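Biologist: I should like to go through this model element by element, and I ask that each term be explained where it first appears.

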Amino acid sequence: MLHDPNRIYIFDTTLRDGEQVPGCQLTTSEKVEIALRLEALGVDVIEAGFPISSPGDFESVVALSKAVKEPVICALTRANTKDIDAAVESLKYAKRPRIHTGIGSSDMHIKYKFNSTREDILQRGVDAVKYAKRFVEDIEFYAEDAGRADIEFLAQMVEAVIAAGATVVNIPDTNGYCLPDQYGAKIKFLMDNVKNIDQAIISVHCHNDLGLATANTIAGIQNGARQAECTINGIGERAGNTSLEEVAMVLKTHQTLNKYTNINSRHFYEISGMVSRMMRMPVQPNKAIVGKNAFAHSSGIHQDGVLKHRENYEIINPEDVGIDSSEIILTARSGRHALKHHLERLDYVIDKINLDDVYERFLVVADSKKEIKDDDLLALMSGEGSERNYKDGVTVKLLQVMCGDPLLPTSIVRLDINGKLKEAVSSGNGPVDATIKAINSIIEKDSIEIKDFHIDAIHGGSHDVSKVNMRLKYDNKHYNGYGFSTDIVAASANAYLDAVNKFI
C-alpha cells in the first residue's frame, strides 16, 4: 500500500463507528448487504465491527469476512490481549484481515480515562501492536484523541508503534476539536519528525463536532496522510464522522491536489439511500453531495444560469454521484427560463405558447403555493383560463352534454379556433365519446387515435377535481394531454385539446 504517494485509501467505518448512533443498529444480514455495496463503491478497507463488544458484533465481523472479497476487513480492539484474541478469531475467514488497536494519546485521556502515565500508556500501545502482529500482518494503531495530544508525545508514540510493527497509524481528532490549519500542522509535524514515518501509512479519522470533519480530513491529506476514515452520509457518534462522499468528491473536483481514490462515485446516491433506510436516519436535505437539495435550484437567477450552462452554479455533474439530473424547483422566485424548461419537459411546444401570459398566471398560482408541481403546471395549461396560453390554440367555449337512460349520449361543443367560433353536435356510446367526436368534426382531424385514457381524482370525494390523462397518436407520433375539472367530461375535453394543441 506504500508505492503510490498520490493514492488516498478510503477506510469506511459506517458499520462500526457509524452504527454507534443510537437507534441505528443493523442486523448481520443488513451489514453484509451494505458491505457488498461498499465493495462495489470501491472502498479499500471496511471496519466490520468491535468483536469483543457483543456476540452480534463478533458474528458480523465473521459474516463480512466471508462475504467480502476485495477490501481489507478490519476489526477494532482496545490495547489488551483479550480484545485482540477476539478480533483474531473473528477475522479467520477474511481474505485480507486487519486489526485496528490503540489507546488514548492526550493527557486528558491518560489522566481522566486511564488514570495512568504517558510512559505506561506508550508501553501498552507498543505491547498491543506486538501482540496483534503475532497473528495478523496488517496492524493499524489509533492514537485516540490525537487532536488534543501533546505533539512531541504523539510523535514519540507514532514512532514507537511503527517500530513495533504497525502498518497504518491513525491520528484521530476524536472529539472534532481541531481547526483545519491545526490538524494539518499536526500531520505535517509527524511527517517531518517521525524518523520511520515512511514505513507506515498515516490515517486521518475526524469527527464533526464543530462541523469541520471534512475540512480537517482534507487538511490532513494535504500534509501527508494517505488514508481517510469516513462513513456514508457522515453518520457517527454525536455530530458524526467525516463524510465519505464529501472527501471523495473534494479530491475528484480539486485536481490540483493531485490525489485520487478508487471510489466509483456514481454509486453514492444509491448507497446513501440504502444506509439511510436501513439505519432509519434521514439524510438532511441540504447535505452536500447526496442531500435532495444538493442539485436543486429555486432562485430564478440560479435557474437561468444553470439552464444556460450547468457549471454556472454546479461544480459537480449530478450524474457523477448517481443522480440523473439537476432539479429546477418552480416557486414564486422562478423566472421565465425555468417555466419554459418545465413546459418543454412536459412536451409543450414553446413556439405555440404565449409565454408571457402563462408566466403571469403561473406567478399567481406560485404566490399561493410554496412549490409548483407538474400537476399544477398541467392544470395551468389545460384548465380554466387556458385560452390565453396559446397563440393559435383551440379552446372550449361551450360544452353541453345530454345523457341518461334512454337518451343517446349527445354533446354540443363550441370551440374557439384562432379567434373563430365553430360548433358541432355529435352522439356517441358515452358522454366523453360524444364530446371527442364533436371536437373531431370541428377540427377535421379524423385520423387521431386515443391510445391511452386515464382518470384520477386528485384528492378524493364527490366535489373533487378530476385529472384526465390522454395519449393521442397522430401522424405516427404520440402526444400527451392533461385536463382538470370537477366535471369528468370537461376534464376529458380539456385533456384531448391539450394534446391536440401540441400538433394542430
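The exchange below takes up strands, helices and sheets in turn.

Biologist: On what basis are the values given?

Modeller: This is a predicted model, in which local features need pLDDT of at least 70, side-chain atom pairs count only at pLDDT 80 or more, and totals for chains, interfaces and linings use all residues. Residues are numbered from 1 along each chain as its sequence is written, and side-chain values use heavy atoms, with hydrogens and water left out.

Biologist: Which residues of strand E1 are buried on its two sides?

Modeller: Helices (H or I, at least four residues) and strands (E, at least two) are DSSP runs, numbered from the N terminus. Buried means under 20% relative accessible area, exposed over 50%, and partly exposed in between, for a 1.4 Å probe and protein chains only. Strand E1 covers residues 9–12 and has both faces covered. The buried residues are Tyr 9 and Phe 11 on one side, and Ile 10 and Asp 12 on the other.

Biologist: Which residue of E8 stands opposite Asp 12?

Modeller: Two strands pair if DSSP finds at least two bridges between them. E1 and strand E8 (residues 227–230) run parallel and are joined by four bridges. Opposite Asp 12 in E8 stands Cys 230.

Biologist: Which residue of E2 stands opposite Asp 12?

Modeller: Strand E2 (residues 45–49) runs parallel to E1, with two bridges between them. In E2, the residue opposite Asp 12 is Ile 46.

Biologist: What is the handedness of the β-α-β unit that contains H1?

Modeller: The unit consists of E1, helix H1 (residues 28–41) and E2. A crossover is right-handed if, with the strands pointing away from the viewer, the path from the first strand over the helix to the second runs clockwise. By that convention the unit is right-handed.

Biologist: At what angle do the axes of H1 and H2 cross?

Modeller: Two packed helices are described by the angle between their axes and the distance between the axes. Axes are lines fitted to C-alpha atoms, for helices over the stretch in contact, and angles run from 0 to 180 degrees between N-to-C directions. The axes of H1 and helix H2 (residues 55–67) come within 9 Å. Their crossing angle is roughly 35 degrees.

Biologist: Is the crossing of H1 and H2 left-handed or right-handed?

Modeller: A crossing is left-handed if the near helix is turned anticlockwise from the far one by less than a right angle, and right-handed if clockwise. The crossing of H1 and H2 is right-handed.

Biologist: How do the residues of the contact of H1 with H2 divide?

Modeller: Contact means heavy atoms within 4.5 Å. Thr 28, Lys 31, Val 32, Ala 35 and Leu 36 in H1 meet a set in H2 including Ala 63, Leu 64 and Ala 67. Ala, Val, Leu, Ile, Met, Phe, Trp, Tyr, Cys and Pro count as nonpolar, Asp, Glu, Lys and Arg as charged, and the others, Gly among them, as polar. The contact divides into six nonpolar, three polar and three charged residues.

Biologist: Which elements do the buried residues of H11 pack against?

Modeller: In helix H11 (residues 300–308), the buried residues are Gly 300, Gln 303, Gly 305 and Val 306. They pack against strand E9 (296–297), strand E10 (327–328) and helix H12 (336–345).

Biologist: Which are the edge strands of the sheet E11-E12-E13?

Modeller: This open sheet has three strands with antiparallel pairing. An edge strand here pairs on one side only, and these are E11 (394–404) and E13 (420–427).

Biologist: Which residue in E13 is the bridge partner of Arg 414?

Modeller: E11 and strand E12 (residues 407–417) pair over nine bridges, and in E12 the partner of Leu 398 is Arg 414. E12 and E13 pair in the antiparallel sense over eight bridges. In E13, the bridge partner of Arg 414 is Glu 423.

Biologist: Which residue in the turn between E12 and E13 has a positive phi?

Modeller: E12 and E13 form a hairpin with two residues between them. The phi in question is about 55 degrees, and the residue is Asn 418.

Biologist: At what angle does H16 run to E16?

Modeller: E14, E15 and E16 form an open sheet in that order, with antiparallel pairing. Helix H16 (residues 488–500) lies across E11 and E12, and H16 also lies across E14, E15 and E16. Its angle to E16 is about 145 degrees.
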